[in-house]
Structures are given as C-alpha cells and as structure tokens.
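Visitor: Could you walk me through this model and explain the terms as we go?
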Amino acid sequence: MMKKFILLFVTLASLAACKKDRPESTTVDLQVQLSSALSLADQQSFPFDQVKVTLINLRNQSTSELTPDASGKLTFTGIAAGDYNINAAVTLSRSDYEALTGTDPGADVSFNASQNNLNIPVGFSETISLELVNGTSGAFLIKQVYYAGSDTKNGANFRDQFLEIYNNTDEVLYADGLYVSRLWGKQRPEDKADYYQENGQLDWSKSRGMPSDIDANKDYVYLRDLFQVPGSGNEYPVNPGESIIIAQNALNHKVPFTNNKGDEVSVKDPDLTVDLSDADFEVYYGDIPGKTPFATDIDNPSVPNMLPINYDGNDWILDSNGKDSYIIFKAENGLDVTTLNAYYEPLIAEPGPSAKTYIQLPVDAIMDAVEAQPNLAEDRIPKKLRPDFDAGFAFVTLGRYSSQAIIRKTERTEGGRKILKDTNNSTEDFVVIKANPRGFAD
Amino acid sequence: MYPNYRIILILLVHCCALQYAYADVPDSLDQADRARYALDPVATYERVYIREQPIWIRNWKDNFNQLSLRTTYDKGRYIPAQGSTRTRAYYFDTEGKTTWRKVQLYGRFAYTKQYEDSTRLRHQTRINESAPLYFGSLRYNHYERSVYQLQAALQKDLLAENLPLTLGLNYRVGEHFSNNDPRGAINDFQLNLLAALGYRSPAWQYHATFRYGYGRERVQVAYKNEKYTENVEDPLYVNWYNNGYGNAIQKTNAINYNDDMKRFGAGAHVAYNANAANTWQADVDWLHEQQQFKQYNESPLTYALFNTYNEDRFTTSVFWKHHPSSNTDFNWNIHLEMIDGHDDHPTLGVSNYLYRKESYGSTWRLNKNRWHYLAAIDYHYLLQQDGNTSAMSEVSQLQFQLGFGRNWVLGTGGQQVQVQLRGGYHLPLSGEFAFNNINESYFVNHVIYYDYLYRYSPATETGASFTYLFPTGNKGMNWSIGLSADYILRGTLPDYTFQPLSIPGKNRLSSFLQVNVYF
C-alpha cells in the first residue's frame, strides 16, 4: 500500500512541478557616441576620455557615470527600459584649449551636451549621438534665483521673490538695457493641448504663421515676459564681483508694510523671508496701462522700476514650483526687441480671443540662462533650453514656499573677487541655500 | 471602521453555534480523553490541518471545542527587510466541532490585535507577500493591525453513509494602519468558499473539491506633515512605488491603490483505511489567483490599471497515520508546496516579474507512552526576478528540526505537565544574485540586497514549551496554561560583492503565553 501512495504522490507532484519559463531580460545596452564641432589644430583630437557622461533614470533618479574611450564611444550596459536624461560635460583648461585650437580663449572653456526625456524602449539598439558644444561665457551671470518664495502663512508668500545678476568678469559692466525674461513652453507634464516635439517640449514649428524656412525649435526661444533694466548706457555700473538685485517688491519683507489698499500686512516669522529694501530694481505693475496690480505690488520710490516690455498676470510672480527658465540678454549685434515676431503657442485647436502670443528671440542673443525644474521628479517638464545654454537644471530641494533659492557655486577667489562657476550646466553649477540677497554659496 | 457591523454579526453567529454544540449534544469525549486529545501533538497538528482541508472534518473528535487566549512577543532584527523588529500580538481564538442530525459541523472565530514597532519598506497586510506591487518608505512605521476571521464547515452524507457533501467558508476582515509619516491605512477582506463531493467504499474515501474566492486590499498612504508631499529632500520620508522586483520609483502624491483578487481552484483527496492501525491520506490542490492593482480615477474606465498579477499555487500532502498500540501513535507526512507568480509590465508589455517558491518536506511525529518525538526536514527554494531591470535572487535552503517532549501526570486529579524541547538548523544550499547597479535606487538596495543575505545565511534555532493542564468539574472542562520561547541565531553572512545599505541582525526571540479552555 505504501508503494501505491508514494507513486500517487510522485505523480501528482510532478503534475504540479511544471515550471514557468523565466522572463526574458529586457534590459538595454545603451550606446553613446560623442562628437565635437570644435575646429582643431592639425594633429589634435578632442580629449573625449576626459568627458564625464551621466545617465539619469527619470523613474527612480538613479545615476550612472561613465567616461568614453578616446573615440568618444561608450556603452551603458544592462539599463532598464524607461525614460532617461543623458548629459556629457567637460571643462578644458585655457592652455589645453589653446593647444587644441591654436586660439587663446582667455579662460577655461566648458563643453556640454545633453538629451532629455529620452525614451529607451525594450529592444532599443540605436546609438545616441551627443555633440559637445561650448556655450556662451556671458559677462553677466544669473547668480541667484529665489522663485520658491516663503511660507504662505508665516512668511511673505511670493512677495519676496527676486533675481540676482552678477558681474563675473574683472571689468566694470553696465546693467543699463539688460533684458530679463522667463521662457514659455510646456508647463505641466499632463498638458496635451499643443503639438509637441519628440523631447516632449512644444513644437513651435507648428505655430500659426511660423515661417517654414527657420528651425523654430532649435534656433529660438519664446518669451513668457520681458523686462528691461532702465538707463541710457552707463547709469548703472556693476563692479567686478558685484551684483544687482531685481525684486518683485523692493521692501524689507521682514517688517510690516501697508499694501496699496491701505491695509497693513505683517509677517509672522521674519526669519523665513528677506530684506529687499536695498534691491537695485523692482518690477511694478501699477504704471502699466490697463493692469490692476495685486494689493501687495508696492512701488518703492527709491528703487528704480524695471521697464515692462511684455508681461502677464497682475504682478511679476515667478513660478514657485520651479517651472520657469530664466534668461538675460542685451540688444547687441543689431538686435531690436521691438521688431521681433510673436507667435501663438502651437495649439491643436484654434487660439481663442484671450490666447497670448510669445516673442520669438534668437538663441544667439542669450547672455546667460538657467533652467529651473520642480523638485518632484513626477512634476518635471521638458527642458526649454538647449544644452549649450543649460545642459542640466536646478531646483530647490524643499519645494515651493520653502525660503530656498538656487545659487551659483563659487569656483575660486582671485584678489578677493569671487569667480562663479559657469559650465552651462546648472545641475553642476548651482546649489541650494536659504535665500540670501548678495550672499554666496560658501 | 466599516467592518464593525460584520464583525458583530460574525461573533453572534459563531457564539450561538458554539453554545448550541456545547449545551445540547451529549459528550462523546470524557474529561480524560479530552485532555489527552488536547495535548497530543499529532492530534493538534491534525486539527490545524482540518482548518484548511475541512473535507477531513470527521477526523476532529466530536464535541471537542477549544477557546484560546494568547499573547505573543517577538523581538530581534534577524527578520526579512520588510519584517517587524518587535511585535506584540493578542489573540482570541475559539473553534469547535459537533455532529447534529448526522451533519458534521465545524466553526471557528479568531480575532488578532497586533502591534508592530516597527516595520518599514512596505505597507502590507502580511498575507500577500509575493505580490509585486506595493508602496514603502525607509522610515520605520508603528503599525497596528486588527484581523477578524470566521471559518465554518459542514459535511453531510447525501446517501446513507456515502456521497459526503462538504461546504466550507473562510472569511477574514482586516484593518491595518500606521500613525507616523508616511502613514499607511489598509483595509482588507477575503472570502473563500469550498464545495466538495465524496465517495466512500469500505476502505477508501475520495473527495473532489472546488474552491472559489475573492477579496480586496485597499491601500492608502498619506502624510500628516504636508511638507513631505512637496519635496524628496529627506530620503526617510520619500514614498516609493514598487512594481516588480527591484523596480521602484518615487511617488509622493496619489498614493493609493486597490488590489482586487479573484481565485478559483480544485483538489483531489484520497484516504485509505487499511486497518485499524493504519490510515493513509493524500491531498492535492491547485489554486489560481488573479490580482488586479487599480487606482480609481475619473476616467471613462473609472480606474488606471497598474498591474495584473497571476499566481498558481500547488499543494500536495501525504499522511500515514499508524496506531500500532493504545499507547503509540505515529504520523508521517510528506508535503509539497509550489507558488508560481508572474505579471507583464503594464506599459512595456513584456514579462515583468517572476516569483517562484517551492517547499518540500517530510515530518515524523511519534507519541509513545508519555514521550513524543518530532523530526522534520524541509527544502525551501525562492526565486524572484524582474524582467525590466534583470534583478534576480535565487536561494535554496534546507531546514532540519528535532524535538521531543514528555507529559507528566500530577497526582490523581487529572493534572498534567507537558515539556517540549526542540532545536533546528538552517543550511543554505545555493544562492545566486544578479543586479546591475545602474538600475539601483537606495530603496531597492535596502530591500533586495538585505533579503538575499537574510535568505542565504545559516541559522540555529532552539526552543522550549511548558504547558500545565488541569481539569475543572464544570461539564468536563480542561484548562491549560502554556508558555513557549524560541530563539534563532544567525550564522555568518555569505560572501557578497555588492554594497548593501543594511544587513540582517543577528538574532530573534519569539515567545508566547496562552490560556486554553477545552470543553
């Protein structure tokens, strides 16, 4: 009897023991090929083996860093299918650059390349090409962006936002006529009302009236607003290593003030906010015809107002979630902002009567740029800036109304003058601090 | 608190049934028999087995009912990554069986209140650990769990002493919550039904069973402190959404899902009574379960489907019950369990996750005079693999256990003392681990590296139990007080080349104190 039962058991067990096949591995070996458009002297080759290539998994934020071989090739082996950012960056010393090109650049030169929101599906076998380009080395730099604002109950909410622009050269520069702008693009991950490029950003080539003989996406950016520093040319000097502050409201936000309706507004916790009473410029909507400014938009008569060229809303309110990109530029090389064209965003439906147009600015005009992004990965939006202007992005880690600002790192100090880091990659160039007008990261 | 009305109903039904069984049906067990049956390890194992296989309800002696109050305390960091470092639990458990108008009736009600202080890396009910989708964070949570369970079964012969029809019900309601950020709230219920039809010949007995069930786990995670919903700066508070094995992403809002479960299965069961001294019994069961993880929203479909996970479970057992003399009982059991789970990736459309668990083992139990002995050997195998990241862990282990005990009768009043001692060893046989750290997040590191080391480590366990049983004059009741403690000590961790952020602790103590009433 025992034998019969054992036989029965073995038979039944074998029926149950049919194993399922294991899943086929669906990981991808991602191949990357770097190139450079730099004109090299004879017998010289670009030092690709000094380039740092970073792959960021947008799903779990894991990062991996590799260096290519001398020909610029590398492979990220066994990555999971998904969405990635890939950045390449290298800084050549002034002497190395001169040896490579025969030209003295006057300073170290940074090269960047990036592709963002890159979808790597299962079975992906293409080679990703990245062209390293050296960005502009502007005289003025965007040093600090305080877009987050402070606590809505105990702080100053968005009233204390400001932008700080820095003279990173060893010469006196003049802020007169400097333009400050935020860019427009896809503002929310879930937006579906427009035509989009493969990278997820708006496809401006499909905007109504857009000429077909230009590269509307690559060669231009589109301005959400535009303000200009007043002055005739040499009224507002900025010494080397110094900066100007452009405030939403040039007030000491730590103390009570009376708003433009006559009500007193106080701050419960002054430590959360900043004193902007000595800002160099402020944005005031009260003088703009047809605009009704917010009650908190106060004009400080001792602080010059920025000249409004193009604007929206009822005050200069920076996106506290970090969805704005910031640029500065000057009207040089024949640029006249009054003659620039403006276009609707590339809406699928016909633009309504309240639809806004956006000034189209050639990217060559950009002096410096910074791409901000929301702190939560799931809220991030496609980049608006090309990698030669900003190969990365920066964000305040504690999110909106956190009193935090993004600020450029100090690279070195020469004769008491701080030289800020400018590799055109804000991921590398910026850190987070508690907002501190005219402060430094270290 | 929505299940409260159901719980009250369950309690009322069960108490009425038990009271009826106890009050109106003549006893078939005298007080001494009841005491022996209560303390007999072989019989105790058989009664527990009947909870899962009610077709063998006749093997439970008529009018043997028990009520148990138990408190347990477990402490130590030799636990799985998603285990609890310290657990206090309180149990109220009552069950019994009777025969009424030739219908075999079984009923059980159990309530558990459990405090876990603390656990992390997974918000879960602890009854669905093979599932690929869950939320978790690095922050330790204090978890409280309340679980109510009702089981009922009946067996009636449709013909005279033949064609036994068995119907079974197993219903469970659970509430689980943590009270610190990121705080989880989980409600679950499970309903499982069984129907079986059998046939008896003089020596043989056959049953075919059919099982059907469904259930739900509703999981929500939230923050009381809103700042954690708006930043991921403090890694302790970041919520992760895991879908697969080693495949987790950050998710700090809309942290909820429903896991809707459906299951069905069949089984074949045979028993052979060769003679009064020998009984053979074999059970084979298959159960298929589908779990759909959904987040309800305002879309036309009304939900977003995160994952569909399918699992097949095969269980097989063979018993030989040998009763050569009045003072000797021998029970030999061979058992096998296999769980095969898999799902396809919801967006990539490829095989995403594989779970395979195998357990084979054999147990010998011998009661001779007042001594009882136990020997067991079990083989355990676990494979988890992710198709998207290629993370893979495969570990096998042998577990040995030896135990013995003795009963002493104290005086002539029917009082007894039982002492049991046991020891065991976990011997890792093979381990293979693969994970490309290019796909690694720190959450995943804490889970899969840790668990691989936990499963592939040797361990030694020892334990002792003490039970004091005494009868009371009231309707032949017996009471027992039991105390038990087990200690497990981890051996040397296996060699590894990866860099784990945490490793398993060295030991774990498990203990309980219980009071039973047998009537």
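Guide: Gladly; here are a few questions about strands, burial and chain contacts.
This is a predicted model, in which local features need pLDDT of at least 70, side-chain atom pairs count only at pLDDT 80 or more, and totals for chains, interfaces and linings use all residues. Residues are numbered from 1 along each chain as its sequence is written, and chains are lettered from A and ligands numbered from 1 in the order in which they are written.

Visitor: What makes strand E5 of chain A mostly covered?
Guide: A residue is buried if 20 or more other C-beta atoms, placed from the backbone, lie within 10 Å of its own. In E5(A), residues 82–92, 10 of the 11 residues are buried, so the strand counts as mostly covered.

Visitor: How do you know that E2(A) and E5(A) pair?
Guide: Strands pair if DSSP finds at least two bridges between them. E2(A), residues 52–57, shares 6 bridges with E5(A) in the antiparallel sense, so the two qualify as a pair. Here A:Leu55 stands opposite A:Ile86. E5(A) is also joined to E6(A), residues 109–120, by 10 antiparallel bridges, with A:Gly82 opposite A:Ile120.

Visitor: Why are E3(A) and E4(A) called edge strands?
Guide: The open sheet of 7 strands has the order E3-E2-E5-E6-E7-E1-E4 in chain A, with mixed pairing. E3(A) and E4(A) each pair on one side only. E4(A) pairs with E1(A) over 5 antiparallel bridges, and A:Val28 has A:Ile79 as its bridge partner.

Visitor: What makes residues of chains A and B count as in contact?
Guide: Their C-beta atoms, placed from the backbone, must lie within 7 Å. By that rule, 37 residues of chain B are in contact with 35 residues of chain A. The largest share of chain B's side, 5 residues, comes from E14(B).

Terms used
Contact = placed C-beta atoms within 7 Å. Helix = DSSP H or I, 4+ residues; strand = E, 2+ residues; numbered from the N terminus. Buried ≥ 20, exposed ≤ 12 C-beta atoms within 10 Å, placed from the backbone.
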